[in-house]
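Biologist: I have a chain on my screen and a pile of labels attached to it. Could you walk me through what earns each label?

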Amino acid sequence: MRNLVSLLMLVLVGCGPSGRNPNGNTDGSTVDGHNGPLGTLTGKVYAPNQGPGQAAPGQEIPIAGALVHANVDAPAPIPDGVYCEPCVETPAGGTVSGADGGFSLAVPPGTYWITIQKGQYRVDHQVTVAAGSVALDASMTTLPSQWNPGLHMWMPRIAMATGTDDRIEDILAKLGVGSQSGNNYDGPIGENGASELTVVGYGGSGPGSVTYLLNNLAEMRKYHIIFFPCATSMGSLNTLLKNQTVLGNVRRYVNEGGKLYVTDWSGEVSDRAFPPQIELGGFGTDSEGTYDPVALTGTLTTSGDADGEHYSIDDGKAIDPDLNAWLGLQMGPRQGGGVGMYDADDFDITGLYNWINQLTPVVLATDGNGQPIYDTPKAWVTGSGPGGNKPVAVTFAPTGCGKVLYTAFQTANSSHAGLYEQERVLLYLIMEIQTCTDNPIELAP
């Protein structure tokens with residue numbers, strides 16, 4: 001992030017709907033002198049379709065850093081399409097969930113809208129609070145897996161390019177998005193028959209294709225996040241990413257608040273639109289040749305930054321303290337077999353077809369004093385790679401309100417119950433890139 005000043009404590013900064021102060025009047029003004037007993041709401045926030053009674057016992061997936069907020073009036077709905085959400089100071093009446101998803105929120109007795117939100121995942125409940133402690137049931141604190149404003153439920157609108165082996169749709173199915181056959185995604189379902197997940201393919205150029213999506217900014221704006229899982233269709237993708245209109249659309253989409261999820265070979269989507277932040281590696285050679293992704297000149301190989309070699313690591317480490325604490329509290333299926341507690345400092349990651357050679361801070365602008373404002377890519381997970389220990393999961397905020405997630409690994413290529421460590425990390429980061437952006441800098445028209 002590119003703060004010019006230190007952030008306030010996390011409990012004081014949030015990314016949710018503007019609310020009304022529950023310690024004051026309905027117009028938001030503060031009323032001093034409330035000395036009566038308070039009502040305390042407690043509970044745990046869970047990932048969609050991964051709460052108690054949904055996941056295997058003991059394998060539930062909590063959500064850390066979710067905003068829990070009390071509002072006198074119903075908050076405004078989440079915009080249906082890409083939008084900018086700068087980070088703001090949360091008014092009184094808000095807290096955030098801990099690494100285990102737990103929260104405690106004290107308010108004066110009364111009737112409130114209780115909002116639970118992580119990025120574009122949000123659910124609102126109207127609750128009458130009496131003095132004393134009230135434990136909210138997990139059915140109220142589990143984030144939704146549908147876009148249904150009529151029921152006060154939201155999740156991000158997602159477009160997904162068809163991957164190869166990297167079946168992120170299987171993870172989404174386990175989160176309740178679409179129908180599920182066994183452990184795999186089986187098709188779309190949703191409000192009024194419209195799926196929250198739109199799948200686009202690399203074939204053709206009409207609606208429903210990657211070509212149509214990337215050539216039409218208005219189409220991209222329909223989605224809060226666009227997934228580009230690892231794909232072998234590099235020929236058509238390379239052609240698209242030589243087009244300045246396409247690259248401009250990607251940059252504008254991110255600037256306006258759009259989020260990109262990119263893995264493995266599909267790294268060219270982020271690398272050519274935003275080349276300075278991450279230098280992708282090749283196995284022994286620079287497979288990008290002399291290609292300049294800004295000037296669109298030089299020689300470009302057809303296979304992108306990777307040449308098809310595949311590797312796995314057994315020393316994955318969550319180096320972000322919050323991610324480390326969150327993953328280390330969980331239990332679930334292990335890639336080596338069986339079920340057990342996770343070690344956030346040492347876990348298996350499979351399906352790496354690329355690697356990150358270097359991260360570079362990029363100057364985006366200057367502040368009022370002429371000092372540079374940087375976008376510094378953040379490494380979340382590291383592990384052994386060609387030439388030593390390397391970052392394998394990185395996020396950055398190159399412009400405006402959007403964010404980009406690039407991981408050198410993908411989903412585990414097998415049909416299995418539950419989510420492995422690397423898939424839980426992907427879930428965590430998908431949630432993280434949806435959150436607000438600190439001090440966004442707008443892209444010039």
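Biologist: Let's start with A393: what makes A393 count as buried?

Modeller: Keep in mind that this is a predicted model. Buried means under 20% relative accessible area, and A393 comes in at 0%, so it counts as buried.

Biologist: Where does A393 sit, and what is it in contact with?

Modeller: A393 is in strand β26, residues 388-396. Leaving aside neighbours within four places in sequence, its contacts are K378, A379, W380, V381, Y406, T407, F409 and L429. Take A379: it is 14 residues away along the chain, with 5.9 Å between the two C-alpha atoms.

Biologist: Now the loops. What makes V177 buried?

Modeller: The same kind of check: the cut-off is under 20%, and V177 has a relative accessible area of 2%, so it is buried. V177 belongs to the loop between α2 (168-174) and β12 (179-181). Beyond its neighbours within four places in sequence, V177 is in contact with S145, M155, L172, Y185, E196 and L197. P48 is 129 residues from V177 in sequence, yet their C-alpha atoms are 8.8 Å apart.

Biologist: And why is G418 called partly exposed?

Modeller: Partly exposed runs between the buried limit of 20% and the exposed limit of 50%. G418 has 26%, so partly exposed is the label. You'll find G418 in the loop between β27 (403-407) and α9. Its contacts, again without neighbours within four places in sequence, are K174, P333 and E423. G418 and A55 are 363 residues apart in sequence, with 7.5 Å from C-alpha to C-alpha.

Biologist: What is unusual about the phi of H152?

Modeller: Most residues other than glycine have a negative phi. H152 is not a glycine, but its phi is positive, about 60 degrees. H152 is in the loop between α1 (138-141) and β10 (153-154). Its relative accessible area is 25%, so H152 is partly exposed.

Biologist: Is D264, with its positive phi, buried or exposed?

Modeller: Buried: D264 has 0% relative accessibility, so it falls under the cut-off. Its phi is about 50 degrees, and D264 is not a glycine either. D264 lies in the loop between β16 (259-263) and α7 (268-273).

Biologist: On to helices. Why are α8 and α9 called oblique to each other?

Modeller: Their packing angle is about 130 degrees. Roughly perpendicular covers 65 to 115, and roughly antiparallel starts over 145. The angle fits neither, nor is it under 35 degrees as roughly parallel requires, so α8 and α9 are oblique. The helices span residues 321-328 and 421-433, and their axes are 11 Å apart. The crossing of α8 past α9 is right-handed.

Biologist: Which residues make that contact?

Modeller: From α8 there are D322, L323, W326 and L327, and from α9 there are E421, R424, V425 and Y428. They split into 5 nonpolar and 3 charged, with no polar residues.

Biologist: Zooming out, how many helices and strands does the chain have, and what share of its residues is buried?

Modeller: The chain has 9 helices and 27 strands, and 53% of its 445 residues are buried. Of the contacts between residues at least 6 apart in sequence, 72% join residues at least 24 apart. The chain exposes about 17,200 Å², and carbon and sulfur atoms supply 51% of that.

Technical notes:
Residues numbered from 1 in each chain as written. Predicted model: local features only at pLDDT ≥ 70, side-chain atom pairs only at ≥ 80, totals over all residues. Heavy atoms only, no water. Axes fitted to C-alpha atoms, helices over the stretch in contact; angles between N-to-C directions. Helix = DSSP H or I, 4+ residues; strand = E, 2+ residues; numbered from the N terminus. Left-handed = near helix turned anticlockwise from the far one by under 90°. Contact = heavy atoms within 4.5 Å. Nonpolar A, V, L, I, M, F, W, Y, C, P; charged D, E, K, R; others polar. Buried < 20%, exposed > 50% of the residue type's maximum accessible area, 1.4 Å probe, protein only. Areas by Shrake-Rupley, 256 points an atom, 1.4 Å probe, with all protein chains shown as cover.
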